[in-house]
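Open the model in your viewer and keep a selection panel ready. This tour has two stops: the ligand, then a pair of helices.

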Amino acid sequence: MATASQDTILAKLRTFAMFEGIAEEDLGILAGLLTYREFPKGSFIVTQNDRGSAMYFLLAGRVKISVASPEGKELALSYLEAPAHFGEMSVVDSEPRSADVIAITDIETLMLESSDLAEAIQMRPQIALTLISSLSRRVRSLIDRLQGMAFHDATHRVMRVVLNVATASYEARGVPVIEGLTHYEIATLAGTSRETASRVISNLCRDGVVATKGRRIVVDLFQLRDAIERA
Ligand code: CMP
């Protein structure tokens with residue numbers, strides 16, 4: 001393990017729900033299966049269609065999960081913030097990588113080789129349950145998105161993205177805030193243009209549904225749910 005101390009890594013691993021309550025000794029053994037790696041902002045950690053032989057635990061920073069068309073158009077699938085994991089799909093089904101994973105800040109990761117996943121799960125079955133539950137959350141979010149594309153207009157989709165990101169922040173940190181996502185990034189998640197995303201957000205601001213403070217968007221979740229129902 002290169003630059004981070006073993007103690008720092010163990011402390012960061014404890015912030016993952018799947019390692020909650022784990023005995024000190026077991027966490028130490030698990031950490032022995034993991035390789036610490038840092039990547040600078042802009043790095044492709046995983047590239048779509050490549051063969052994958054490892055999954056990653058994101059200890060610090062943020063990544064974007066996206067796919068690109070042959071013409072270079074981008075579709076953002078999700079943004080993940082530490083603590084989170086990615087790259088588990090290829091490890092589990094042995095298919096090529098389903099998407100690009102790009103560091104949008106400097107990041108710190110722990111890499112788990114696919115050959116060590118079974119051992120890690122044997123030691124800590126909670127890992128398997130967490131992988132399944134996060135896959136299930138992703139399927140739900142893709143269904144939600146597909147529904148949005150099929151049944152709703154761009155305004156509605158932008159409001160749903162704002163609601164979903166702010167709700168996730170409320171559940172994780174107790175504050176319904178969008179932080180560090182640009183209007184362009186919100187637009188790519190909603191499948192629309194930056195101009196449309198900015199227009200919808202400024203209308204929500206005018207109506208007192210959200211308040212912007214620098215690059216933070218503070219969301220009134222109740223009012224936004226109402227506005228979505230009325231839209
Ligand atoms: P893998 O296919 O190995 O490599 C790309 C990773 O991106 C994938 O594993 C998942 O970890 C992650 N990923 C793919 N699709 C989504 C999605 N819709 N939402 C969040 N993460 C995803």
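Select S98 together with the ligand. An N or O atom in the S98 side chain sits 2.7 Å from an oxygen atom of the ligand. Keep in mind that this is a predicted model.

Now add E88. Its side chain also offers an N or O atom, 2.7 Å from a ligand oxygen. Next, S90. Here the backbone supplies the N or O atom, at 2.9 Å from an oxygen of the ligand.

How much of the ligand's 460 Å² does the protein bury? Switch on a surface: 96% of the area that the ligand exposes when taken alone is buried by the protein.

Widen the selection to the whole shell. It holds 15 residues, and those that come nearest are G87, E88, S90, R97 and S98. Colour by element next. β5 (74-81), α3 (88-93) and α5 (126-151) each give two or more residues to the shell. The largest share, three residues, belongs to α3. Then colour by residue class: eight shell residues are nonpolar, four polar and three charged.

Second stop: select helix α7 (residues 183-190) and helix α8 (residues 194-206). Their axes come within 8 Å and cross at roughly 105°. Are the two helices parallel or perpendicular? At that angle, α7 counts as roughly perpendicular to α8.

Show side chains where the helices touch. From α7, pick H183, Y184, I186 and A187; they meet R194, A197, S198 and I201 of α8. Recolour this contact by class: five residues are nonpolar, two polar and one charged.

Methods:
Residues are numbered from 1 along each chain as its sequence is written. This is a predicted model: local features need pLDDT of at least 70, side-chain atom pairs count only at pLDDT 80 or more; totals for chains, interfaces and linings use all residues. Side-chain values use heavy atoms; hydrogens and water are left out. A residue is near a molecule or strand if one of its heavy atoms lies within 4 Å of it. A polar contact is a pair of N or O atoms within 3.5 Å; within protein, one must be able to donate a hydrogen and the other to accept it, and residues adjacent in sequence count only if both atoms are side-chain atoms. Accessible areas come from the Shrake-Rupley method with a 1.4 Å probe; for residues, only the protein chains shown count as cover. Helices (H or I, at least four residues) and strands (E, at least two) are DSSP runs, numbered from the N terminus. Ala, Val, Leu, Ile, Met, Phe, Trp, Tyr, Cys and Pro count as nonpolar, Asp, Glu, Lys and Arg as charged, and the others, Gly among them, as polar. Axes are lines fitted to C-alpha atoms, for helices over the stretch in contact, and angles run from 0 to 180 degrees between N-to-C directions. Angles under 35 degrees count as roughly parallel, over 145 as roughly antiparallel, 65 to 115 as roughly perpendicular and the rest as oblique. Contact means heavy atoms within 4.5 Å.
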